[in-house]
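Open the model in your viewer and keep the selection panel at hand. The stops below say what to select and what to look for at each one.

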Amino acid sequence: MSGMMNNKKIVVMGVANERSIAWGIAKSLHREGAQLIFTYRKERSFEKLKGLLEQTGITPLLTVSCDVLDDESISAAFAHIKEQAGSIDGIVHSLAFSDKDELKGEYLETSREGYLLAQNSSAFSLVAIAKQAKGVMSEGGSIVTQSYIGAERVVKNYNVMGVAKAALEASVRYLAEDLGKYNIRVNAISAGPIKTLSAKGVSGFNDIMQTIEERAPLRRNIDQEEVGDATLFLLSHLSRGITGEVLHVDAGYHILG
Ligand code: NDP
Ligand code: N5H
């Protein structure tokens, strides 16, 4: 099979189930011939991942557990990846976490604990992963993370996650500067709302999807496949001149005033 990701080894972090953005990305990468390494945190995610791989006939190079809140877990995961796969060409960081109670009401009410958990899981995790990338991307590479417009504007209920995504996007720029000299690029996708496990049960999600359908230039929502293909682009040779960028895959919603 020939594809634009032939002979490229990509680490995909953040598949929880078939709806995960990371799974959409994995499918795009597989289509183009990439060899995939998956990381997961919860056993439940691992079970789901194994089922998906079986269903789709994708044989991963490796599956490894990695909790991004734990430095030892991160270094063990990347040591294992280096040992088993040698050097890699890309990392997909598609994970975030906040306590549910922080995702409603006023941002003013954010607790210190809730703030630190969201930042730690959703923003610092990229910094920790990028540091590992330096040691395992010996021929250069590309790191892509997932953000949301709540980083740039006030979006009701997004609250502490909006501030964490602002830190994530700023980290993309600082990391792009630091890793550029090693030919490692760092970019983000800012995706429109997609019904995933994370989005489940958070208040206001359905209203936001409806607003996008009515107002976005394309008059519709986007899906995992569209984020998958845009992420594929940022991981591929086609985007070799792009780093430190936040690319909106949101049916054009971000251009509206
Ligand atoms: P999913 O619920 O499918 O994925 C979230 C993932 O985060 C899970 O795989 C979960 O793994 C992982 N995760 C959380 N905490 C940790 C941790 N400490 N260590 C390792 N993994 C962790 O949701 P999405 O696909 O929607 O989310 C992926 C990314 O996309 C997130 O960054 C999200 O903010 C972003 N995004 C989502 C949008 C949407 O509308 N869905 C819009 C814009 C951006 P586990 O369950 O195993 O802990
Ligand atoms: C404005 C909105 C809607 C309100 C805010 C939603 C924010 C969601 C992001 C975080 C990451 C969701 C989260 O941490 C949920 C957890 O508290 C509970 N869920 C879980 O633990 C599940 C089982 C696991 C798999 O989830 C995680 N994350 O590990 C934003 C929406 C319109 C868009 C959106 C949903 C953005 C986003 O960043 O995900």
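Where does N183 lie? Select N183: this residue sits in the loop between helix 5 (159-180) and strand 6 (184-191). Bear in mind throughout that this is a predicted model.

**Loop residues and backbone angles**

Stay on N183 and check its backbone. Its phi is near 60°, a positive value in a residue other than glycine. N183 counts as partly exposed because it has 13 C-beta neighbours inside 10 Å, and a residue is called exposed at 12 or fewer.

Next, select A251, in the segment after strand 7 (246-249). The phi of A251 is positive, near 60°, and A251 is not a glycine. With 18 C-beta neighbours inside 10 Å, A251 is partly exposed; the cut-off for a buried residue is 20 or more.

Then go to T59, in the loop that runs between helix 2 (43-56) and strand 3 (62-65). Is T59 buried or exposed? T59 is exposed, since 10 other C-beta atoms lie within 10 Å. Add Q35 to the selection and draw a distance between the two C-alpha atoms: T59 and Q35 are 24 residues apart along the chain, and the separation is 8.4 Å.

**Helix 1**

Select residues 21-31, which make up helix 1. How many of the residues of helix 1 are buried? Nine of the eleven are, so helix 1 is largely enclosed by the rest of the structure. To see them, colour I21, A22, W23, G24, I25, A26, S28, L29 and H30, the buried residues of this helix. Move past the end of the helix to G33, which follows helix 1 and has a positive phi, near 90°.

**Helix 1 against helix 7**

Now add residues 224-235, helix 7. The two helices pack at an angle of about 55°, and their axes are 7 Å apart. At that angle helix 1 is oblique to helix 7, and the crossing is right-handed. To show the contact, select I21, W23, G24, I25, K27, S28 and L29 on the helix 1 side, then Q224, E225, V227, G228, D229, T231 and L232 on the helix 7 side. Colour the contact residues by class and you should find six nonpolar, five polar and three charged.

Zoom in on V227, which belongs to helix 7. V227 counts as buried because it has 25 C-beta neighbours inside 10 Å. Apart from residues up to four places away in sequence, V227 touches I21, G24, I25, I189, A191, I222 and V249. For a longer line across the model, join the C-alpha atoms of V227 and A166: these residues are 61 apart along the chain, with a separation of 19 Å.

**Strand 4**

Select V92, in strand 4 (residues 90-93). V92 is buried, with 31 C-beta neighbours inside 10 Å. Leaving out neighbours within four places in sequence, its contacts are I10, V11, V12, M13, A22, I25, V144 and T231. A distance drawn from V92 to H30, C-alpha to C-alpha, should read 13 Å; the two are 62 residues apart along the chain.

**Helix 3 against helix 4**

Move on to helix 3 (residues 71-85) and helix 4 (residues 112-136), whose axes cross at roughly 25° and come within 10 Å. That angle makes helix 3 roughly parallel to helix 4. The contact uses D71, I74, F78, I81 and K82 from helix 3, and A128, I129, Q132 and V136 from helix 4. By class, the contact residues are six nonpolar, one polar and two charged. The crossing of this pair is right-handed.

**The two ligands**

Which residues come nearest to ligand 1? Among the 30 residues around ligand 1, the nearest are S20, S45, L95, T196 and S198. Helix 1 and strand 5 (141-147) are the elements that give two or more residues to this shell. The shell around ligand 1 holds 17 nonpolar, nine polar and four charged residues.

Finish at ligand 2, which has 21 residues around it. Show A96, Y158, P193, A199 and V202, as these come nearest to ligand 2. Its shell comprises 14 nonpolar, five polar and two charged residues.

Definitions and conventions. Residues are numbered from 1 along each chain as its sequence is written. Chains are lettered from A and ligands numbered from 1 in the order in which they are written. This is a predicted model: local features need pLDDT of at least 70, side-chain atom pairs count only at pLDDT 80 or more; totals for chains, interfaces and linings use all residues. Helices (H or I, at least four residues) and strands (E, at least two) are DSSP runs, numbered from the N terminus. Axes are lines fitted to C-alpha atoms, for helices over the stretch in contact, and angles run from 0 to 180 degrees between N-to-C directions. Angles under 35 degrees count as roughly parallel, over 145 as roughly antiparallel, 65 to 115 as roughly perpendicular and the rest as oblique. A crossing is left-handed if the near helix is turned anticlockwise from the far one by less than a right angle, and right-handed if clockwise. Two residues are in contact if their C-beta atoms, placed from the backbone, lie within 7 Å. Ala, Val, Leu, Ile, Met, Phe, Trp, Tyr, Cys and Pro count as nonpolar, Asp, Glu, Lys and Arg as charged, and the others, Gly among them, as polar. A residue is near a molecule or strand if its C-beta atom, placed from the backbone, lies within 6 Å of it.
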